[in-house]
Amino acid sequence: MTFVDAPAKARRTAGVIPLHGEEGFEGMRKAGALTARALDILTEYVEPGVPTATLDKIAYEFARDNGAVPATIFYKGYRHSVCTSINHVVCHGIPDVRPLREGDIVNIDLTLVVDGWHGDSSRMYPVGEISRKAERLIEVTYQTIEAGIAMAKPGNTSGDIGAAIQAIAEAERMSVVRDFVGHGLGKLFHDEPNILHFGTPGGGVPLRPGMIFTIEPMINLGRPHVKILSDGWTAVTRDRTLSSQCEHSIGITETGCEIFTLSPGGLFNPLAARAA
């Protein structure tokens, strides 16, 4: 999820990027694993006729029953456990009573706090049978996150991550949203560094062991421009074209990176899961 915490602003001003040791990585493993389990469970409930408010309730009850807290409840006035972004909604869609419809695509974004550590992840869910253009958008989105994660290792930079994502999306004549970025996290929901999903190889900040952050590309079928609706949260594509997003929380290791939010059921990529 892409909000901004005040302590992160202070660190940005000071140019400080936190580095975490084994305690931080172990905390993130627990938080990330629980978030991934919750998103797996939601898979069976995403179908035509189900309101997104129901999905929000399921996520809240799962967190409560497992000793976790959804990070977004009352965060800067937000009142829900998840964000549910449907079709042309880019991010921060608010759950409500309107039912999902056959052919919709929906991103569910969830962050669970476990022992103070934040596990942040999102993934796409097709609602019934979806169009080929929606399938292709989702396919490309997952290709971009795989490419970004492949560049997440010591010796590279955050710009290498963004450039890899941008190259794949634009080669398919799709666009990368610029208004929202990945972010550091851990004990803070949003921390340094910012991870842009576009950029120049070698640009940005050097990646060092101990960094923990999200990679969460938002890919539009049309232009990259977005606008925020009057509710102050919901971001939509200006040209009303479809948008897709997926997100992992990762930590930079000595040799590469560790993904904290891997799906235990192999359901992170919904199209690959359907084909299996």
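1. Helices and strands in this note are DSSP runs, helices of at least four residues and strands of at least two, numbered from the N terminus. The model under discussion is predicted. With those terms in place, β5 (117–126) and α6 (270–275) each supply at least two residues of the lining of the second largest pocket.

2. The second largest pocket encloses about 150 Å³. Its lining consists of T43, E44, V46, E47, M124, Y125, P126, L267, P270, A273 and R274. By residue class, that lining holds seven nonpolar, one polar and three charged residues.

3. The largest pocket has a volume of about 470 Å³. It is lined by 20 residues, of which I86, H88, V89, D96 and R98 are the closest to its centre. The lining of the largest pocket comprises seven nonpolar, six polar and seven charged residues.

4. Twelve salt bridges are counted in the model. One of them joins R123 to D40, with the closest N and O atoms 2.6 Å apart. R123 belongs to strand β5 and D40 to helix α2 (residues 22–42), so this pair ties together parts that are 83 residues apart in sequence.

5. Are the partners in the R123 and D40 pair buried or exposed? Buried means under 20% relative accessible area. R123 has 0% relative accessibility and therefore counts as buried. D40, at 11% relative accessibility, also counts as buried.

6. A further salt bridge links the side chains of E139 and R132, at 3.1 Å from N to O. Residues between the buried limit of 20% and the exposed limit of 50% are termed partly exposed. E139 has a relative accessibility of 25% and so counts as partly exposed. R132 counts as partly exposed because its relative accessibility is 49%.

7. The side chains of E170 and R178 also meet in a salt bridge, at 3.8 Å from N to O. E170 is partly exposed, with a relative accessible area of 39%, and R178, at 34% relative accessibility, counts as partly exposed as well. Elsewhere, salt bridges that share partners bring R132, E135, R136, E139 and E172 into one network.

8. Helix α5 (residues 158–171) allows a check of its length. How far should its 14 residues span at 1.5 Å a residue? The expected span is 20 Å, and the end C-alpha atoms of α5 are 20 Å apart, which agrees. The expected figure rests on 1.5 Å times one less than the number of residues, so the count of residues itself is not the multiplier.

9. As for its surroundings, α5 is mostly covered, since ten of its 14 residues are buried. The buried residues of α5 are S158, G159, D160, I161, G162, A163, A164, I165, Q166 and A169.

10. Strand β9 (residues 212–215) directs I212 and T214 one way and F213 and I215 the other way. These residues of β9 are all buried. The strand pairs with β14 (residues 248–252) in the antiparallel sense, over four bridges. Within this pairing, F213 of β9 stands opposite I250 in β14.

Methods:
Residues are numbered from 1 along each chain as its sequence is written. This is a predicted model: local features need pLDDT of at least 70, side-chain atom pairs count only at pLDDT 80 or more; totals for chains, interfaces and linings use all residues. Side-chain values use heavy atoms; hydrogens and water are left out. On a 1 Å grid over the protein atoms alone, a cavity is a set of points where a 1.4 Å probe fits but cannot get out, and a pocket is an open set with protein on both sides within 12 Å along at least five of seven lines; lining residues have an atom within 4 Å of a point. Grid points are joined across faces, edges and corners, and a volume is the space filled by probe spheres set on the points. Ala, Val, Leu, Ile, Met, Phe, Trp, Tyr, Cys and Pro count as nonpolar, Asp, Glu, Lys and Arg as charged, and the others, Gly among them, as polar. A salt bridge is a side-chain nitrogen of Lys or Arg within 4 Å of a carboxyl oxygen of Asp or Glu. Buried means under 20% relative accessible area, exposed over 50%, partly exposed in between (1.4 Å probe, protein chains only). Two strands pair if DSSP finds at least two bridges between them.
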